[in-house]
Amino acid sequence: MSNHTPGPWYVGGDMVWSFDDDGEIAVVIRVHERDQEFEANSRLIAAAPDLLEALEDLLGWQSTAPDSVKNAARQTIAKAKGKTE
């Protein structure tokens, strides 16, 4: 699996887009979603790189979080990176 486009992602009109380090563009275009659904999905897509980084940071520290939280973070990171644990 290739790496994800790291962001930042931009939301505008009927699109969500970002550029990678090589200048390639990644675009999500609204086709048939309802306005509120598209807006919610757009915000989630735009926040995804930051959410991934926050989870990785959480695990990088000597976290006092419960094991269940750390395990959920590890599973979510693996899912985002297309890996299985």
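Ser-18 sits in strand 2, which spans residues 15-19. The model is predicted. Ser-18 has 0% relative accessibility, so this residue counts as buried. Its side chain has a polar partner on the backbone: a polar atom of the Ser-18 side chain lies 2.9 Å from the backbone oxygen of Pro-8.

**Along helix 1**

Helix 1 covers residues 35-60. Three of its positions are taken up here, in sequence order: Ser-42, Ala-46 and Asp-50.

Ser-42 has 1% relative accessibility and therefore counts as buried, the cut-off being under 20%. Beyond its neighbours within four places in sequence, Ser-42 is in contact with Val-11 and Val-16.

Ala-46 also belongs to helix 1. With neighbours within four places in sequence left aside, Ala-46 is in contact with Trp-9 and Val-11. Val-11 is thus named again here, having already appeared as a contact of Ser-42. The separation of Ala-46 and Val-11 is 35 residues in sequence, yet their C-alpha atoms are 7.2 Å apart.

Asp-50 is another residue of helix 1. Is Asp-50 buried or exposed? Its relative accessibility is 52%; because the cut-off for exposed is over 50%, Asp-50 counts as exposed. From Asp-50 to Pro-66 there are 16 residues along the chain, and the C-alpha atoms are separated by 22 Å.

The accessibility values are set side by side below.

| Residue | Relative accessibility | Class |
|---|---|---|
| Ser-18 | 0% | buried |
| Ser-42 | 1% | buried |
| Asp-50 | 52% | exposed |

**Helix 1 against helix 2**

Helix 2 runs over residues 67-80. The axes of helix 1 and helix 2 come within 10 Å and cross at roughly 135°. That angle makes helix 1 oblique to helix 2. The crossing of the two helices is left-handed.

Which residues make the contact? Helix 1 supplies Leu-52, Leu-55, Glu-56, Leu-58 and Leu-59. Helix 2 supplies Val-69, Lys-70, Ala-73, Arg-74, Thr-76, Ile-77 and Ala-80. By class, eight residues of this contact are nonpolar, one is polar and three are charged. Among the nonpolar residues are Leu-52 and Ile-77. Thr-76 counts as polar. Glu-56, Lys-70 and Arg-74 count as charged.

Notes: Residues are numbered from 1 along each chain as its sequence is written. This is a predicted model: local features need pLDDT of at least 70, side-chain atom pairs count only at pLDDT 80 or more; totals for chains, interfaces and linings use all residues. Side-chain values use heavy atoms; hydrogens and water are left out. Helices (H or I, at least four residues) and strands (E, at least two) are DSSP runs, numbered from the N terminus. Buried means under 20% relative accessible area, exposed over 50%, partly exposed in between (1.4 Å probe, protein chains only). A polar contact is a pair of N or O atoms within 3.5 Å; within protein, one must be able to donate a hydrogen and the other to accept it, and residues adjacent in sequence count only if both atoms are side-chain atoms. Axes are lines fitted to C-alpha atoms, for helices over the stretch in contact, and angles run from 0 to 180 degrees between N-to-C directions. Angles under 35 degrees count as roughly parallel, over 145 as roughly antiparallel, 65 to 115 as roughly perpendicular and the rest as oblique. A crossing is left-handed if the near helix is turned anticlockwise from the far one by less than a right angle, and right-handed if clockwise. Contact means heavy atoms within 4.5 Å.
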